[in-house]
Amino acid sequence: MLYKNDPAGDVRMPVHTLFEQQRQAFAGLPMAPLAQRLQWLKSLRRMLLEQQGALLEAINQDFSARSADETLLAELMPSVQGIRHAERHLAGWMKPARRRVGLAFQPASARVLYQPLGVVGVIVPWNYPLFLAMGPLTAALAAGNRVMLKLSEATPATGALLKRLLGEVFPQDLVSVVLGEAEVGEAFSRLPFDHLLFTGATSIGRHVMAAAAQNLTPVTLELGGKSPAIVSAHVPLAHAAERIAFGKTLNAGQTCVAPDYVLVPRARLDAFVSAYRQAVLRFYPQVRDNPDYSAIINARHLARLEGYLQDARAKGATVLDLYPGEARAGRRLPPQVLLQVDDTMQVMQDEIFGPLLPVVPYDSLAEALAYVARRPRPLALYYFGYERAEQQRVLEQTHSGGVCLNDTLLQVAQDDLPFGGVGPSGMGNYHGHEGFKTFSHARAVFAKQRVNAARLIYPPYGKALQRWVYRLFIR
């Protein structure tokens, strides 16, 4: 039997029993009013603001060394701003949307009601354990649902803290945190949720989707992939390199929308590498014991990244260590550039999820776009170039979950933009209004009152008036 601790920590409850509690609670309040939902969001926001120090310390403990500023910028700030955005706009999101009724069906009215789905499951990854829990939780609560969060076993301190803090703010039949290893996650994904959101590796996403399919549970999958950055022939290299360096080194590259590799005009390759090196060294003059630079989450992922480097070297790649001679400390892996890479190397097959940057030369923009098009569709695509015509060409000839022109990562922080993948990088989206709609059922309502013009088309058929209706509307 798989269990979940309650907020008090001394009673153990099977996850399916917790799920049934939430389902019963939802049945008692199937359409939470606006005031109730706003109170939930306000309570969540207040908790985050009051517990900043504890959250920073827990995440730092899980990573062994996590930049406090990165946690503030990439986790706490977007979480709080996302809640505020929902609070400001929730009244408008909840209003029924009026729809047109065709002349043939008058007199009548049509509208769409956004109805809560019920009990929502959220499987949270380890790389941003706060933001990737709070974002879906905000959207699900705004839509009026009950929520169960499965925190990653790779972030035990953060999971235990969120379990305690959310247990103090919400009853467990409204919001609960499930902790445990992989087998708990498997049991969690098999629960008959009304919607399940998973963020993580594509390989695990396939198993989550297969488990959800047994209950016909709809899923939102955020899977990542190899997000390319394309540097144009004319953009100032200092601009592009600095912004790519920020996106690649934030959280030591452990970001699902981090630039995975860079396509650079062949004639600008050496200059780009030099500009990238300068930008990285400006951000982090040294890596060892630098509180601004985050560590790799655990020994297993550090070994995975070192394995990519060994495999690439063995197959002919050149690895440029930007900190030659600097001894490593703990799990802080310095940023490195890889040249002469090819598709036989693991670093060009798998999502890197670390501070390793392959740089691939190209001879024309058409060649660069074709290179991207031959590969699975990524979660993000970055283009660096100020020419509007080229920007439009890139937008029209590529596919990705989202696009950021002349910057990296910041598309995710826009509360009024949907966030999600396409094809192998995921399905469905959330954030802002799209999150509210993802966790709501758009219920069609067609209404008539006493007058019933439809009697004109009732049997028996063959009447002159019916033939007139056909001539009027079938043309």
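Two rings of Phe, Tyr or Trp form a pair if their centres lie within 6.5 Å, the six-membered ring being the one used for Trp. In this predicted model, F19, F188 and F193 form one aromatic cluster, and by the rule just given the count comes to eleven aromatic pairs.

**Aromatic pairs**

One of these pairs joins F272 and Y276, whose ring centres are 6.1 Å apart and whose planes meet at 25°, so the pair is stacked, given that planes under 30 degrees apart count as stacked. Both residues belong to helix 10, which covers residues 269-283, and they are four residues apart, about one turn of that helix. F272 and Y276 are both buried. Another pair is made by F283 and Y284, with ring centres 6.2 Å apart and planes at 80°, so this pair is edge-to-face, since planes over 60 degrees apart fall in that class. What is the relative accessibility of F283, and how is F283 classed? F283 has a relative accessibility of 27% and therefore counts as partly exposed, while Y284, at 8%, counts as buried.

**Domains and cores**

The domain assignment of the protein chain gives domain 1, made of residues 12-223 + 426-442, and domain 2, made of residues 228-413. The C-alpha centres of domain 1 and domain 2 lie 31 Å apart, and 18 residues of domain 1 are in contact with 22 residues of domain 2. A UniProt record, an unreviewed entry, places the feature "domain: Aldehyde dehydrogenase" at residues 15-445. In the model, the end C-alpha atoms of residues 15-445 are 35 Å apart, and this span is 43% helix and 18% strand.

In soluble globular proteins, nonpolar side chains tend to be buried together. The largest nonpolar core of this model has 121 residues, and those with the most contacts inside it are L166, F272 and Y276. Helix 5, residues 131-142, gives the most to this core, with nine residues. Where does this core lie with respect to domain 1 and domain 2? Both domains give residues to the core, so it lies between them. If neighbours within four places in sequence are left aside, F272 is in contact with V231, L237, A241, I244, V262, V264 and V359. Apart from the largest core lies another core, of 18 residues, which includes L191, F193, L196 and F198; F193 is also one of the residues of the aromatic cluster described at the start.

**Helix 12 and helix 11**

In helix 12, residues 365-373, the residues L365, A368, L369, Y371 and V372 are buried. They cover an arc of only 155° around the axis, which means that they are on the same side of helix 12. What covers these buried residues includes strand 10 (228-231), strand 11 (261-265), strand 14 (356-362), strand 15 (380-384) and helix 13 (388-397).

A314, by contrast, counts as exposed, because its relative accessibility is 67% and the exposed class begins over 50%. A314 lies in helix 11, residues 299-314. Although A314 and M345 are 31 residues apart in sequence, their C-alpha atoms are 9.1 Å apart in space.

**Backbone features in loops**

Most residues other than glycine have a negative phi, and most peptide bonds are trans. The table gathers four places where the backbone departs from this pattern.

| Place | Backbone feature | Angle |
|---|---|---|
| Q106 to P107 | cis peptide bond | omega near -5° |
| P459 to P460 | cis peptide bond | omega near 0° |
| N406 | positive phi | phi near 65° |
| L409 | positive phi | phi near 70° |

Of the two prolines that follow a cis bond, P107 is found in the loop between strand 3 (97-99) and strand 4 (109-116), and P460 lies in the loop between strand 20 (440-447) and helix 15 (464-473). N406 is found in the loop between strand 16 (402-405) and strand 17 (419-420), and L409 also lies in the loop between strand 16 and strand 17. Are N406 and L409 buried or exposed? N406 has a relative accessible area of 11% and is therefore buried, and L409, with a relative accessible area of 10%, is buried as well, because the buried class covers values under 20%.

Note on methods
Residues numbered from 1 in each chain as written. Heavy atoms only, no water. Buried < 20%, exposed > 50% of the residue type's maximum accessible area, 1.4 Å probe, protein only. Arc of directions from axis to C-beta. Contact = heavy atoms within 4.5 Å. Core = buried A, V, L, I, M, F, W, Y, C linked by side-chain atoms within 4.5 Å. Domains from an automatic or database assignment. UniProt positions renumbered as here; feature names shortened; annotations may be inferred.
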